[in-house]
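Dear colleague,

I am handing over the structure below, and would ask you to look through it before reading my notes.

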2 protein chains.
Amino acid sequence: MYRTHTCGELRIEHIGQTVTLSGWVQKSRDLGGMTFVDLRDRYGITQLAFNEVENADLTAQARKLGREFVIQVTGEVIERASKNKNIPTGEVELKVTGLTLLNASKLPPFTIEDETDGGDELRMQYRYLDIRRNPVLQKLTLRNKVALETRKYLDAQGFMDVETPVLIKSTPEGARDFVVPSRMNEGQFYALPQSPQTFKQLLMVSGIDRYYQIVKCFRDEDLRADRQPEFTQIDCEMSFVEQEDILNTFEGLVKHLFKTVRGVEFEGEFPRMTYEQAMETYGSDKPDIRFGMEFVDLSGIAKGKGFPVFDNAETILTINAKDCSEYTRKQLDALTDWVKRPQIGATGLIYVKFNSDGTIKSSVDKFFSEADLAEWGKLAGAEKGDLLLVLCGGTDKVRKQMNELRLHMGNELGLRNPNVFKPLWVLDFPLLEWDENAQRYFAMHHPFTSPKKEDFHLITTNPGKIRANAYDLAMNGVELGGGSIRIHDRELQSQMFDLLGFTKEEAQNQFGFLMNAFEYGAPPHGGLAFGLDRLVATMGGSDSIRDYIAFPKNNSGRDVMIDAPSPINPDQLKELGISIG
Amino acid sequence: MYRTHTCGELRIEHIGQTVTLSGWVQKSRDLGGMTFVDLRDRYGITQLAFNEVENADLTAQARKLGREFVIQVTGEVIERASKNKNIPTGEVELKVTGLTLLNASKLPPFTIEDETDGGDELRMQYRYLDIRRNPVLQKLTLRNKVALETRKYLDAQGFMDVETPVLIKSTPEGARDFVVPSRMNEGQFYALPQSPQTFKQLLMVSGIDRYYQIVKCFRDEDLRADRQPEFTQIDCEMSFVEQEDILNTFEGLVKHLFKTVRGVEFEGEFPRMTYEQAMETYGSDKPDIRFGMEFVDLSGIAKGKGFPVFDNAETILTINAKDCSEYTRKQLDALTDWVKRPQIGATGLIYVKFNSDGTIKSSVDKFFSEADLAEWGKLAGAEKGDLLLVLCGGTDKVRKQMNELRLHMGNELGLRNPNVFKPLWVLDFPLLEWDENAQRYFAMHHPFTSPKKEDFHLITTNPGKIRANAYDLAMNGVELGGGSIRIHDRELQSQMFDLLGFTKEEAQNQFGFLMNAFEYGAPPHGGLAFGLDRLVATMGGSDSIRDYIAFPKNNSGRDVMIDAPSPINPDQLKELGISIG
């Protein structure tokens, strides 16, 4: 037996017991005739004491132990002379009488401490050492807890965990599908699912009633900094429900998770907002409502005063940065440069300072009287000491730019505390999105989302205005999850494919299996999927999804450690009937 | 709101309440002026009552409802005149006052009843209807329970659920890997894991201490009747453990699962047997010990008596079929034909009948005296009324054949009750397996399995005799799971790759990431993986893994319903730089 206890277990009440521990040497120090070694495992740190006078050999051995050596020790639990109140085992130590070296270690390339000297790249290259560090271990522990508590909650609500296939049929729609050649069916390919959407809908037709799965999904596309080609979803579907039932159920899940995993309790119900409101007020369908700084539309009062930039703009928006009137020229120039970067794309930034002495100072003094500017201030709720930041242009574009500026100001002013959590349901998403390049509509969510009944008459006149029974849960500027009430009627589903430009034949070939199933008593149903990676990172108070994945991939899709993917063995390719062009 | 209760919920105490239910029309019947409809959902069946006199319109509507129509009904819960003791809701019915048709259904291609008229193929084609049938639903429910109880047990034991990648590095060893071309790294491929073996070992190096995952694994190979290209493992690994710790932990898991999911309690500890004993006694490393019929070796007493078939054979084995001495000529001929089929490959079958009148009758009377045969009987424990079945040949071959015959006899004699569960640990597997064709050793388990210290000196003289610290859990003739204590020493791991014919360079290229990790303080570790599909099917008392999978694949790897894989879109291929040769 390698151990009787873990390194996080011994307390005052164990004093006098002979125990065996195994773990890693965190560090050691010599003090007088004593050598103290901190022994670490996943559960904690226990201090080992070696006494040179009582046991010279053992102490000599202990002094040779390097950092991260793996050892097994036996000894008596004794009370510590100088107690360490910072760790749960700090009142005791082990008076070691036996020591076995289980494995040596090279000098680690960075220190295995909470604060390490290892840079990102080095830590990722030696991820197995990085995970030994407490902050990383805690992130993986959090993920484990979130997953298990999700299961417990959903199980208690009658949801059934059903596995859906990973090797699925490839469809032409799946332009971002990974494809997997099949040996058994030469010249044919599986695809990896971007989500189990159609399978979970079939399970509703099957009468499973409440389905969930924590499931890997795949997307073969450009990897931005914090995107992974494989990602994990908490995927759920329910039958005989309306939108309200779904919102309640998953609001319950999120509350349960925050309570059990983070000890955070939300007061009352999560606030709700329509997509349209969210876009008007925050320029985003996942607004961060930890802080105000809502958009104020100045178009009605700032146009027609002879300032050509405004007069030619579709929309003029401002946000009120409280207590920022003392921003310096340099700070304002920096902000202007920031919004003019290509990623944001604004042509300029206009400010109005409401100085504490009551004067008003603006970059457009030439065009607007103090009374005009005071009127802006009134509309935007500006008080003495505040700063208005103004952008203008096409409505969609200026909303996007102002959203970025608002979040940037939120960061600058420290208004985005990662330990404050502000959920928001965003409702009534549009059903369709017009694609200028393709000159056709695409489903904003996916083609299985149901339109709102009261809007469906717009199908021939103005399809872009049809709202969907679709909803997202946003938190702190992050989309945690989203879903919709689905179509469960074959005819309506077929109309939807028409609208999306499918021929009858294409629709039948690709989604016939689902539409056929709808003919055999499909119940009304809907669902929601959370991105586990994002949920966990948000709960952990971090922006970085990668930190919460044990083996993340880097920007070119390679495992940070194991260096996947790799060139393939040509024999394997031949066997598959594939050649690389 | 679609419902206030489910169809499995209403009881005597609900009488007088007005409730709303939604579900499927199971069947309906007219009786006098009444129409009764059985309304079904996942949770049960509730009887709906329509009274023609009280509500002619509604009753007329109800009479038009076809099987599997989806409806919503409102009404008062009343006591049933004639109660149905067979279902939990059988004391009440719903006096319907409102009916909404939610969706119609075509006539299902088979009856949605426990006993259906649909054949296998039809049921698989319409799997979403098959799942509505109670026996299928119960199998998926069992799977869900097993998975959740596994998580609960392992979590309570300190195991952490850590996700490992699905898109991994392809290695030349992985001849049965699925490969996945990467858009981001042209000409390079990911592989899909056959198991997360190396990742879980890295997690042990990371100090995760106890890891588990219920995880999809993949194998691109011929699909036999009950094999799936994607399968699910309960994958576990532990640090600072010896074999005994692992056996105890997972024996605990299996006991927990049987108790909580099946209500079955095992008495005492699971029996154990070495691989060598299992092969000698049952000719199998996963013996079914629900019945005896152990092999008895007659080689010592049946050779040298002038019967050339025996004299030339390496090994002569018999099993004792109790109470079968009255097998007819026809039955014995059928058995002989059975063992001579190419799948078994025996050249013949010899029998000895120990008749109830005390006489002995054998197919080799010519060569052996009654005293000889009596001696065989004594060795095999045959009593009056028993039948010995004898096979001979090369040791390995005859053991395999006799194993098949024994299981066949077990089936014939009804000795393999699917509701009796007999676990058996099989220990001390050989480390290596000699491959005649390749003229080299292969790892019997995998190259990370540790050899037994006491055998390791055989490495230069007789490597085939080295036993591994490897173990399987068998039950009812099925291998539920297996594992080993791993190598955690770089040098030993390197020696193992030598033994398996890797050059130093190959070993470093393919498994360098793991051997390098071993240099930074790898703890002693080991683990085990259960095949969830097999575990669940065994617990459910079935031979068929497919029955326990919501969307199984058929023998050519196609989803039974969705018809994957599919020919790929040529544009997609071009984009991937791939052409089909």
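What follows is a short account of chain A, of one helix pair and of one glutamine.

This is a predicted model, in which local features need pLDDT of at least 70 and side-chain atom pairs count only at pLDDT 80 or more, while totals for chains, interfaces and linings use all residues. Residues are numbered from 1 along each chain as its sequence is written, chains are lettered from A and ligands numbered from 1 in the order written, and side-chain values use heavy atoms, without hydrogens and water.

Chain A has 16 helices and 25 strands (DSSP runs, H or I of at least four residues and E of at least two, numbered from the N terminus). Of its 581 residues, 59% are buried (under 20% relative accessible area, 1.4 Å probe, protein chains only).

The axes of helix α4 (residues 134-156) of chain A and helix α4 (residues 134-156) of chain B, being lines fitted to C-alpha atoms over the stretch in contact, with angles from 0 to 180 degrees between N-to-C directions, come within 11 Å and cross at roughly 135°. The two helices are therefore oblique to each other (neither under 35, nor over 145, nor 65 to 115 degrees).

Asn144(A), Leu148(A), Arg151(A) and Asp155(A) meet Asn144(B), Leu148(B), Arg151(B) and Asp155(B) there, contact meaning heavy atoms within 4.5 Å.

Gln197(A), in helix α5 (residues 197-205) of chain A, counts as buried because its relative accessibility is 9%. Leaving aside neighbours within four places in sequence, Gln197(A) is in contact with His446(A), Phe448(A) and Arg486(A).

With best regards

Note on methods. Buried < 20%, exposed > 50% of the residue type's maximum accessible area, 1.4 Å probe, protein only.
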